[in-house]
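Hi everyone, thanks for making the time today. Let me put the structure up on the screen, and then we can walk through it together.

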Amino acid sequence: MALAEGDDKAEAGVRVLGGRMSPFTMRARMALELRGVAYELLEESFEPRKSDRLLAANPVYKKIPVLLLPDGRAVCESGVIAQYVDEAWPAASAAPLLPEDPYQRAMHRFWTAFLHGRASPITKSLEQVLRCHRFKYDDDFFGVTLILPTQIF
Ligand SMILES: N[C@@H](CCC(=O)N[C@@H](CS)C(=O)NCC(=O)O)C(=O)O
């Protein structure tokens, strides 16, 4: 459940440094949603420069998303975040986010790495098209950015 910025429930909770247009952020958010973890999305703007909180939380890549834990520790990289969420909030009643079979896990990592190099260009192209048509971005846009790459590849 995504909490609004400033929501009391998110005070000492899980936060995601991310962006609404970022498919990588969506991956992290989907993992949290599937596990029923309440989180606050803190939107990062890269203009005029990246924020100090992003640079401090992800000094290596300086990219979103970053999962901020209640104790202040950070987890970076959407795939790593998804795996962390899977392990940190195991759900007895829900299927694991990642396959249990080692070969299937290897395949998962392979295709994840494959898609990483392609998701950004597709999203940027889609964004340009939508801007031309004065599309108003909202949460529904994420369905498009997520589904599109999987349909193309
Ligand atoms: N491999 C990273 C990619 C993250 C990524 O490319 N994020 C973009 C936003 S969608 C970003 O932060 N771009 C800023 C930059 O490249 O400086 C992940 O899976 O989290």
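Let's start with Ala113, which sits in helix H4. Keep in mind that this is a predicted model. So is Ala113 buried or exposed? With 10 other C-beta atoms within 10 Å, Ala113 is exposed, because the cut-off for that label is 12 or fewer. If you look across from there, you'll find Gly79: Ala113 and Gly79 are 34 residues apart in sequence, yet their C-alpha atoms are 9.0 Å apart in space.

Helix H4 spans 102–132, and together with H3 it brings us to the ligand, since each of the two supplies at least two residues of the shell around the ligand. That shell has 12 residues, and the closest are Ser22, Phe24, Lys63, Ile64 and Ser78. By class, you have 4 nonpolar, 5 polar and 3 charged residues around the ligand.

Two of those names, Phe24 and Ser78, come back when we look at how H1 meets H3. On the H1 side the residues are Phe24, Arg27, Ala28, Ala31, Leu32 and Arg35, and on the H3 side they are Ser78, Ile81, Ala82, Val85 and Asp86. Sorted by class, this contact has 7 nonpolar, 1 polar and 3 charged residues. How are the two helices arranged, then? Their axes come within 8 Å and cross at roughly 5°. H1 and H3 are therefore roughly parallel to each other.

Now for the inside of the protein. The largest nonpolar core has 18 residues, and the members that touch the most others are Val16, Leu17, Ala28, Ala31, Val66, Leu67 and Ile81. Strands S2, S3 and S4 and helices H1, H2 and H3 each supply at least two residues of this core. Which element gives the largest share? That would be H1, with 4 residues. As a reminder, nonpolar side chains tend to be buried together in soluble globular proteins.

Val66 is a nice one to click on. Outside its neighbours within four places in sequence, Val66 is in contact with Leu17, Leu54, Ala57, Asn58, Ala74 and Cys76.

Let me zoom out to finish. The protein chain has 5 helices and 5 strands, and from the N terminus on they run β-β-α-β-α-β-β-α-α-α. Of its 153 residues, 23% are buried. And if you take the contacts between residues at least 6 apart in sequence, 63% of them join residues at least 24 apart.

That's my tour, and I'm happy to rotate the view for anyone.

Note on methods:
Residues are numbered from 1 along each chain as its sequence is written. This is a predicted model: local features need pLDDT of at least 70, side-chain atom pairs count only at pLDDT 80 or more; totals for chains, interfaces and linings use all residues. A nonpolar core is a set of buried Ala, Val, Leu, Ile, Met, Phe, Trp, Tyr and Cys residues joined through C-beta atoms within 7 Å. A residue is buried if 20 or more other C-beta atoms lie within 10 Å of its own, exposed if 12 or fewer, and partly exposed in between; C-beta atoms are placed from the backbone. Two residues are in contact if their C-beta atoms, placed from the backbone, lie within 7 Å. A residue is near a molecule or strand if its C-beta atom, placed from the backbone, lies within 6 Å of it. Ala, Val, Leu, Ile, Met, Phe, Trp, Tyr, Cys and Pro count as nonpolar, Asp, Glu, Lys and Arg as charged, and the others, Gly among them, as polar. Axes are lines fitted to C-alpha atoms, for helices over the stretch in contact, and angles run from 0 to 180 degrees between N-to-C directions. Angles under 35 degrees count as roughly parallel, over 145 as roughly antiparallel, 65 to 115 as roughly perpendicular and the rest as oblique.
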